[in-house]
Amino acid sequence: MKTENIEKANKFFEKAVKSYQKNDYITAKNNLEQAIKLNPNYAKAYQNLAILLSNDYFKDYNKAKIYFNKYEKLSKIDEKTYFKNYSNKINSINSINIENYFF
């Protein structure tokens, strides 16, 4: 995935948060959908879209469930990647550089 798309997706996510805080739910929804379109692996965008769609304004529980399931699936992948990378880093640490690594 292009770094440019990830950056654009992050900007749309930030706009969505601001719109949500202003109770502009339609704009928030559109921005979250744009973020997901640019970065289909954006777990937090799926999570927030699920929350948004299940609020009293939309009450679209079926779509919210779909997005929440996608969020859960992506989160598990993110966790596996995180722990795999963390494990690799821990295994590469030796006694000489351990203080530099953690402090």
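**Around leucine 49: core, helix pair and salt bridges**

Leaving aside residues up to four places away in sequence, leucine 49 touches Lys29, Leu32, Glu33, Ile36 and Tyr67. The model is a predicted one, and the contacts of leucine 49 make a handy way into it. Leu49 belongs to the largest nonpolar core, a set of 19 residues, and ranks with Leu32, Tyr42, Ala45 and Leu52 among those with the most contacts inside this core. Four helices feed into the core: H1 (3-21), H2 (25-38), H3 (43-53) and H4 (61-92) each contribute at least two residues.

Two of the residues touched by leucine 49, Lys29 and Glu33, also pair up with each other. Their side chains form a salt bridge, with an N to O distance of 2.9 Å. Both sit in helix H2, four residues apart, or about one turn of the helix. As for exposure, lysine 29 counts as buried, at 18% relative accessibility, because the cut-off for buried is under 20%. Glutamate 33, at 29%, counts as partly exposed.

The structure has two salt bridges in total. Besides the Glu33 and Lys29 pair, there is one between glutamate 4 and lysine 8, whose closest N and O atoms lie 3.2 Å apart. This pair is in helix H1, and because the two residues are four places apart there, about one helical turn separates them. Both partners are partly exposed: glutamate 4 has a relative accessible area of 47%, and lysine 8 has one of 39%.

Helices H1 and H2, which hold these two pairs, also pack against each other. Their axes come within 8 Å and cross at roughly 165°. Angles over 145 degrees count as roughly antiparallel, so H1 and H2 are roughly antiparallel to each other. The crossing is left-handed. On the H1 side, the contact is made by Asn5, Lys8, Ala9, Phe12, Phe13, Lys15, Ala16, Ser19 and Tyr20. Facing them from H2 are Tyr25, Thr27, Ala28, Asn31, Leu32, Gln34, Ala35 and Leu38.

A couple of residues turn up in more than one of these settings. Lys8, the salt-bridge partner of glutamate 4, is also among the H1 residues that meet H2. Leu32 is one of the H2 residues that meet H1, is touched by leucine 49, and is among the residues with the most contacts inside the largest nonpolar core.

Terms used
Residues numbered from 1 in each chain as written. Predicted model: local features only at pLDDT ≥ 70, side-chain atom pairs only at ≥ 80, totals over all residues. Heavy atoms only, no water. Core = buried A, V, L, I, M, F, W, Y, C linked by side-chain atoms within 4.5 Å. Buried < 20%, exposed > 50% of the residue type's maximum accessible area, 1.4 Å probe, protein only. Contact = heavy atoms within 4.5 Å. Salt bridge = Lys/Arg side-chain N within 4 Å of Asp/Glu carboxyl O. Axes fitted to C-alpha atoms, helices over the stretch in contact; angles between N-to-C directions. Parallel < 35°, antiparallel > 145°, perpendicular 65-115°, else oblique. Left-handed = near helix turned anticlockwise from the far one by under 90°.
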